[in-house]
Amino acid sequence: MAAQIIKEFRGFSGAQVLLMKKHNRLFVRKIGNVERNVERMAALQNQLPLPIIYNYSKNKLDLEYIHSLDIKTYLKTNHYEKLLQFLFGCLEMFAENTIEKDYTAVYIQKLKEVDFTDIPFTAQDLLSQLPKTLPSSNYYGDLTLENILYNDTRGFVLIDCQTTEYDSYIFDIAKLRQDLECGWFTRYDNAMIDVKTRHIQTELLKKYPVADNDYLLILMLLRAYKYAKPNTYERQFLKDWMKILWK
């Protein structure tokens, strides 16, 4: 019996994400560059709540489907404190063992992938402002609120971690700010949870002041910008926020 496609999830990084059904069992299938997901899941599987991997091939990954709330829906009807403590727990684990690392070469490599034509600063401008040395550590790789689910039984579950050259929990916090500060995860609707997300950000930056850096946030916005098609709402959203943040 062949697996049946139930629906396609909205994605942004080019990978295809499908809800599948086979033998009355639901599962998630991701098609694309999935090797980086599998590598990071292997590194984190005993440390964080992650979906179970069912099958993996070169460009296809089948994962456990978790009946859950997305964080936007969760925050509409719940206090933010439980989510904040979950994030603290993840980041504290990441920060246990660190070594200072110069990220200049990583910045240069990654900024070459971005078209700066319509951005109000150059790659060199941004490079001159970014902190060169940060604590290299264990990390998640794409720690956004969109990649956190809430299940009544299991609590918070993380999805879509990935191997990246941005191997520091400081970049994870900067990536979280993409949602907490800029509202990327609520870009299509006004969820009226800004007060809660700002409280979460305030507490995170109070505990991890190194991450209180708008140039790092701009760097994370550029990770999404390179996937945004010209003349789209997404690209304009990201450009507007980079203009606000650039000093």
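# Briefing: helices, core, pocket and loops

In helix H9, the buried residues are Glu234, Arg235, Phe237, Leu238, Lys239, Trp241, Met242 and Leu245. This is a predicted model, and H9 is a good place to start a tour of it. From there we can move to the nonpolar core, then to a second helix, the cysteines, a pocket, and a few residues in loops and strands.

**Helix H9**

- H9 runs over residues 233-245, and its 13 residues should span 18 Å at 1.5 Å a residue. Its end C-alpha atoms are indeed 18 Å apart, so the expected span and the model agree.
- What lies over the buried residues of H9? The cover includes helix H7 (194-207) and H8.
- Met242, one of the buried residues of H9, is also among the residues that Leu222 touches.

**The largest nonpolar core**

- The largest nonpolar core holds 76 residues, and Tyr107 and Leu222 are the ones with the most contacts inside it.
- Helix H8, residues 214-225, gives this core its largest share, namely ten residues.
- As general background, nonpolar side chains in soluble globular proteins tend to be buried together.

**Leucine 222, up close**

- Leucine 222 sits in helix H8.
- Is leucine 222 buried or exposed? Its relative accessible area is 2%, which is under the 20% cut-off, so leucine 222 counts as buried.
- Once residues up to four places away in sequence are set aside, Leu222 touches Leu111, Val114, Phe116, Ile119, Leu126 and Met242.
- Leucine 222 and glutamate 113 are 109 residues apart in sequence, yet their C-alpha atoms are 9.4 Å apart in space.

**Helix H3**

- Helix H3 covers residues 81-94; with 14 residues at 1.5 Å each step, the expected span is 20 Å. The C-alpha atoms at its two ends are 20 Å apart, which agrees.
- The buried residues of H3 are Leu83, Leu84, Phe86, Leu87, Phe88, Cys90, Leu91, Met93 and Phe94.
- Several elements cover these buried residues of H3, including helix H1 (35-44), helix H2 (71-77), strand E9 (148-151), strand E10 (155-158), H6 and H7.

**Cysteines**

- How many disulfides does the model have? The count comes to zero.
- Cysteine 161 is in no disulfide, and the nearest cysteine sulfur, which belongs to cysteine 90, is 11 Å away. A disulfide would need the two sulfur atoms within 2.5 Å.
- Cysteine 161 is buried, at a relative accessible area of 1%.
- Cysteine 90 is one of the buried residues of H3.
- Cysteine 182 also counts as buried, with 5% relative accessibility.

**The second largest pocket**

- The second largest pocket encloses about 220 Å³ of space.
- This pocket is lined by 19 residues, and those closest to its centre are Glu181, Cys182, Gly183, Thr186 and Asp194.
- Which helices supply at least two residues each to the lining? They include helix H6 (169-180), H7 and H9.

**The loop between E2 and E3**

- Histidine 23 lies in the loop between strand E2 (16-22) and strand E3 (25-31), and asparagine 24 is in that loop too.
- Histidine 23 has phi near 50 degrees, a positive value in a residue other than glycine.
- Asparagine 24 also has a positive phi without being glycine, with a value near 65 degrees.
- Histidine 23 is exposed, at a relative accessible area of 55%. Asparagine 24 is exposed as well, at 70%.

**Lysine 58**

- Lysine 58 is in the loop between strand E4 (53-56) and strand E5 (60-64).
- With a relative accessible area of 77%, which is over the 50% cut-off, lysine 58 is exposed.
- Leaving out residues up to four places away in sequence, lysine 58 touches Gly32 and Val34.
- Lysine 58 and glycine 32 are 26 residues apart along the chain, and their C-alpha atoms are separated by 8.7 Å.

**Aspartate 102**

- Aspartate 102 belongs to strand E7, residues 99-102.
- At 48% relative accessibility, aspartate 102 counts as partly exposed.
- Beyond its neighbours within four places in sequence, aspartate 102 is in contact with Lys132 and Thr133.
- Aspartate 102 and proline 120 are 18 residues apart in sequence, while 26 Å lies between their C-alpha atoms.

Conventions
Residues numbered from 1 in each chain as written. Predicted model: local features only at pLDDT ≥ 70, side-chain atom pairs only at ≥ 80, totals over all residues. Heavy atoms only, no water. Core = buried A, V, L, I, M, F, W, Y, C linked by side-chain atoms within 4.5 Å. Buried < 20%, exposed > 50% of the residue type's maximum accessible area, 1.4 Å probe, protein only. Helix = DSSP H or I, 4+ residues; strand = E, 2+ residues; numbered from the N terminus. Contact = heavy atoms within 4.5 Å. Expected span 1.5 Å × (residues − 1). 1 Å grid on protein atoms, 1.4 Å probe; cavity = no way out; pocket = protein on both sides within 12 Å on 5 of 7 lines; lining within 4 Å. Points joined across faces, edges and corners; volume = space filled by probe spheres on them.
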